[in-house]
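This report covers a protein model, from single residues to sheets, helices and overall dimensions. The sequence and structure are shown first.

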Amino acid sequence: MCSPPTGQAPSHDPSHSLSVYPVLAEDSTRPVRPLAIRSIQEKRLREFVGGQFSEFNLTSVLFRDRIDTEDHVRIERWSPPAGTKPSFEEAVSQVYEPCRKGTKFGPSWSNHWLRLTVRVPREWIDLDGVELEFDAGCEALLFNEEGLPLQGFTGGPEFDRRIDFPLTKDMRDKTVFYIEVTANGMFGIHCKDTRYYDLGVGKDPDANRFFELSSADIVVKRTEAWGLLWDFVTLQQCVEELPKDSVLQNRALWVTNEIINTFRRSDVSSIERCRELAREIYGKDWSTRSADLYHEDQAPKDDLIWSLGHCHIDSAWLWPFSATQQKVARSWATQIALMERYPEYCFTASSAQQYKWLETLYPKLFTKLLSMVEAGRFQPIGALWVECDANMPSGESFVRQLLYGQRYFESRFGKRSDIFWLPDTFGYNAQIPQLARQAGCQYFFTQKLCWNNVNRFPHNTMMWVGLDGTQIIMHQTPVNNYNSRCGVNDLLKGVKNNMDLQVQPTALHLFGFGDGGGGANPEHLERLRRARAISNNGFREIPKVTVGRSAREFFDHVLEITEKGERLATWSGEVYLEFHRGVYTSQASIKRWNRYSESVIHDLEWLSTIAAIRDPSYEYPQEELHGIWEPLMLNQFHDCLPGSSIRMVYNDMEEIYTEMNEKALNLYDRAFGALAALNSDVEAAQGCAFALNSLGIPRRELVEIDTKGLNEEETRSVSALAVQQSPGKNALLLLEDMEGIGRLSSSKSSPTLSNCRYAVSEYFSSSGDRSFVMEGHDLLLRIQSGRIVSILDKLSVRELVSPGRSAGLSISEDYPPEFDNWEVEVYSLDTVEQLEFSEIVVEESGPWRAKLCATMAFGKSKLRASISIDSIPPIPQLRDGGKPRTSINFDVEVDWQEKHRFLRFEIPTSIRSEDATFETQFGVTRRPTGRNTTWDAAKFEVCGHRFADLSEPNYGLSLVTQSKYGYSVEGSLMRLSLLKAGTYPDSRQDEGHHGMSFTLYPHMGGFEEGDVVSVARVINSKPAMSSRLRMVALEAEIVASPFRIIPDPNLKFCGVVLDTLKMAEDEKPRSETSLSETRRRRTVICRMYESIGSRSRVKLSISVPVAAVSLANILEDELAGDDKRLSLDRQDGKISVPLEFRPFEVKTLRIVVN
């Protein structure tokens, strides 16, 4: 290339250069532009919305105008009597009085009704953004004149505030609304100076709280300003959440600063110029595409964040059940209204109970909900009756949660849920995979494991393998919540927190206000649209979001990309939550009611089923039983049974349990009466004690009868049957069912018991200390200095108490750092003090029962314990034919008046084992007794049902309880948690009187050889059996169970349990069938499970004529396939069904009885 001559300038077009950018700096708009100081730019963003400059920044132009004059908003009020909750139909027929802003609603929990007559000013009729703004400082529900709930309101200053209702064109001329105002906030009645869910330490909800009506205005929103608000906030979050070396973070920082530079409060046209700046990141025409944003990309498999509207509503917590019923209507009406404004929006909600409340109390809203369900927008989910606790309900309770939940969903929505949905429950038992799959659920969802306070759970998506080997795909959302506000931070968590990115990079993202209800609001959906627009515009720093799909579609996608789960890691056994360990103990009376109620309804169904089989005219009380099961399941909600609700909830629950028990007793009497009428010799049946044996195993036990409440004739009858009765003492009756046929009847004595009598003696040591010894043929128990210092097994010459130590009660300090009534922390065990009985007296000295009465006082509390040993063991014989040891029984009465203290029973044993065995749903869970790892150490307090067992190969000890769920086994030290004394959210948790019973059961061999499952079943049936004892016997052939388990004689151990007898749910009532048809066929459900973890073979012996026996799932559906019908062995007029069980398998049979 040739150079131009020297001194000659190169040829160029000066106009071209000037059109690109100025040659001279001084020709620039700002000749000197300083280096951007990032810290100042970032801090500046906080001042554009709200804050100290809210009267001048963007916040000041969000509204064009407002009006509240009476000719445009007329307010009238009617307040019903305190404590009532009138329906809409009742409310509209009342006389209303004039009302105005500034009026107050109260006291706490009361309901009030307003009638609003709204007329929009004519000049506003055609404007966009015309809304009703209503803020009563509390919760409220808006109805139209026809009684259809339109939307909920949440007043007050909190983040979940919702006070605006769009007035559509047809509402603007003159419209009458009714508003039910309820004097509580979204989270009940919290203290004015605390967080939204905090009552304050040691405080209860203020019963006299009033809320003020601060707004009932017609407003006109400036829609472009609101659009800019949402534009800016999302970009601001990009600046705050993204790495400083990312392109999007830097671009967002520049754009947001330019928006602030461009905005002029006095020039509303500047708003559009600001939004134009935002389009540099969102895309040129993104806002015109709205819902279509989610369909622009041709690669939907790249969607990483699957966003789904959600509204977690605790069925009770910081508010009672009655408040939840209103929360459901408010929340779901709001979400349906939101669907009408946002075509992409889909919403999911769980709990059949909540749908039933809506159906019963708000039928018009339920009808509208059904149309949204049919359209796929409102998506019922979860399979359960309520989102129950997953640790303490029995296996059968879990079955019923699924059975009744799925039946409700299918009957109302035409389909069952295929997702087991428990986002907020405090740990997950190892039988959930089996029960979920048997109930038709293919997937499991939660988020609670992110609350672990020791170890981070290692998976977000995994294959969870249960006790019996059943597996289910489980997703623990990496977003780590179920009530996201759709900020950039939550979207990033969906990827950054995902522990399984290698094989499953997607996350289910649930958004919307929750716990107290509410659900999504427009801001959430606007944020998601902007997040997707950013992705569509080429920025990849924010994961791509999709809206408008279902949880089922998400899981199906997971199934596809993981090759049907083959790429997923497996997790076997329970999913233990390393948090909220105090819930196994809090609210002791509620836990006692739960265990008792489960036992009562078990016996009631058993007896009613036998009555239905024996007496064709007997009407099986299916609907009445539903009326008992439904409140029982409601009370198992995950903030009710665990003990983490306010006192109001537990007062309601006590009333519910009492009513349930009365209903059960009446139904029991009805079934007993039907069977008693079949006695061939009525006179011979009189004067004999009878109790149902619904366990299907041989039993012999002593039943204590309180004679104080009996009349003279009853007292004589009881005394005649008593095997032991001291003057002024209760009578002991010996009941026997040595064949396990189903009838426990009184027996005066038995020759096999002559060498088994117990006696108690008192001694004084050389130092003057009193000691007491209870001794029988197999055990010797010694109490010295107020503690149990020795338990000697005389037959095996084995001392159970560790040398130099003692067993008894202990107390420790209990100051968890947060969530008082939920928690107990490991350092509580560093403060243990042993308690000693101060006075001991001999109450009974045999021969059938020896009993000591021991008392103590500590702090402000008093305690009385009866320690007894019966001459007969809990069960008459072991499964292998051997004779079991007797047991040591503790019946404790406490006047508990402590604060922040924890009462336990502990026994330092002489047994060494690396694992302890705890009964859980339909099986057992083995947990380490050592603390070698943080995973072991985190399990310092665990949940168990009827027993915990510590065994060496040749010997073991079981701690069996009738009402407790909290255990700890640390090395050889066994502990049972008895009482806790937290102060939040119930400031007087567990104060008052408590009764509790537990048993020490020594045995040869491991827990299998000691037949601990049978022992625990017998001990736990005693409370219900005592209340159902009758002084009229039923003949054996009448009450005998037609179904019995016959173990394979070649098996050393057989742990198959016949757990439940009931009539099938699809059994027609007698009123709908002819008597001849009723006599012809009845369908019985028989549920069994393998309890010890050993593959087993058994035969089910059936003593009544049957037409067919088939396998079913827990929903009572007959299984499909060639093997659904089971073969029947008929020999000598008897029928048996051969069955084989996997370890811990649950098996349900449908038996058609002729």
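## D915 and L308

In this predicted model, D915 is part of strand β40, which covers residues 915-920. Its relative accessibility is 37%, between the 20% and 50% cut-offs, so D915 counts as partly exposed. Apart from neighbours within four places in sequence, D915 touches R927, P928, T929 and L950. K169 lies 746 residues from D915 along the chain, and the C-alpha atoms of the two are separated by 70 Å.

L308 belongs to strand β13 (residues 305-310). Is L308 buried or exposed? Its relative accessible area is 1%, which is under 20%, so L308 is buried. With neighbours within four places in sequence left aside, the contacts of L308 are C346, F347, T348, Q379, H509, L510, F511, R549, S550 and A551. The C-alpha atoms of L308 and E898 are separated by 45 Å, with their positions 590 residues apart along the chain.

## The sheet from β50 to β53

An open sheet is built from 4 antiparallel strands in the order β50-β51-β56-β53. Its edge strands, each pairing on one side only, are β50 (1056-1063) and β53 (1106-1112). On average, and with direction ignored, neighbouring strands of this sheet are turned by 25 degrees against each other. Helix α10 (residues 395-413) packs on the sheet and touches β50 and β51 (1082-1090). The direction of α10 makes about 40 degrees with that of β50.

Within this sheet, β53 pairs with β56 (residues 1146-1153) in the antiparallel sense over 6 bridges. V1106 has V1153 in β56 opposite to it.

## The sheet from β34 to β42

A further open sheet has 6 strands, in the order β34-β33-β39-β46-β45-β42, and its pairing is antiparallel. The edge positions are taken by β34 (833-834) and β42 (942-943), each of which pairs on one side only.

Strands β45 (residues 966-970) and β46 (residues 973-980) run antiparallel and are joined by 4 bridges. Opposite V969 stands M974 in β46.

## A parallel pair

Strand β16 (residues 419-421) pairs with β17 in the parallel sense, over 3 bridges. The bridge partner of F420 in β17 is F444.

Strand β17 (residues 443-446) is covered on both faces. Y443 and F445 lie on one side, F444 and T446 on the other, and all of these residues are buried.

## Helices α4 and α15

Helix α4 (residues 223-241) has 19 residues; at 1.5 Å a residue the expected span is 27 Å, and the end C-alpha atoms are 27 Å apart, so the two values agree. The helix is mostly covered, with 15 of its 19 residues buried.

The same rule applied to helix α15 (residues 588-614) gives 39 Å for 27 residues, and its end C-alpha atoms are 39 Å apart, in agreement. Of the 27 residues of α15, 24 are buried, and the helix is mostly covered.

## Backbone exceptions

Most residues other than glycine have a negative phi, and most peptide bonds are trans. Two cis bonds can be set against that background. The peptide bond from G106 to P107 is cis, with omega near 0 degrees, and P107 lies in the loop between β4 (104-105) and β5 (111-118). G846 and P847 are also joined by a cis peptide bond, with omega about 5 degrees; P847 is placed in the loop between β35 (839-845) and β36 (849-858).

S351, in the loop between β14 (347-349) and α8 (352-361), has a positive phi near 80 degrees. At 3% relative accessibility S351 is under the 20% cut-off and therefore counts as buried. K564 has a positive phi near 60 degrees and is located in the loop between α14 (551-561) and β22 (570-572). With 66% relative accessibility, over the 50% cut-off, K564 counts as exposed.

## Overall dimensions

The protein has 23 helices and 56 strands. Along its principal axes the C-alpha trace spans about 130 × 75 × 65 Å. A compact globule of 1154 residues would have a radius of gyration near 32 Å; the protein has 35 Å, which agrees.

Buried residues account for 61% of the 1154 residues. The exposed area is about 44600 Å², of which carbon and sulfur atoms supply 49%. Of the contacts between residues at least 6 apart in sequence, 75% join residues at least 24 apart.

Terms used
Residues numbered from 1 in each chain as written. Predicted model: local features only at pLDDT ≥ 70, side-chain atom pairs only at ≥ 80, totals over all residues. Heavy atoms only, no water. Pairing = 2+ DSSP bridges. Helix = DSSP H or I, 4+ residues; strand = E, 2+ residues; numbered from the N terminus. Axes fitted to C-alpha atoms, helices over the stretch in contact; angles between N-to-C directions. Contact = heavy atoms within 4.5 Å. Rg over C-alpha atoms; globule rule 2.2 N^0.38 Å. Buried < 20%, exposed > 50% of the residue type's maximum accessible area, 1.4 Å probe, protein only. Areas by Shrake-Rupley, 256 points an atom, 1.4 Å probe, with all protein chains shown as cover. Expected span 1.5 Å × (residues − 1).
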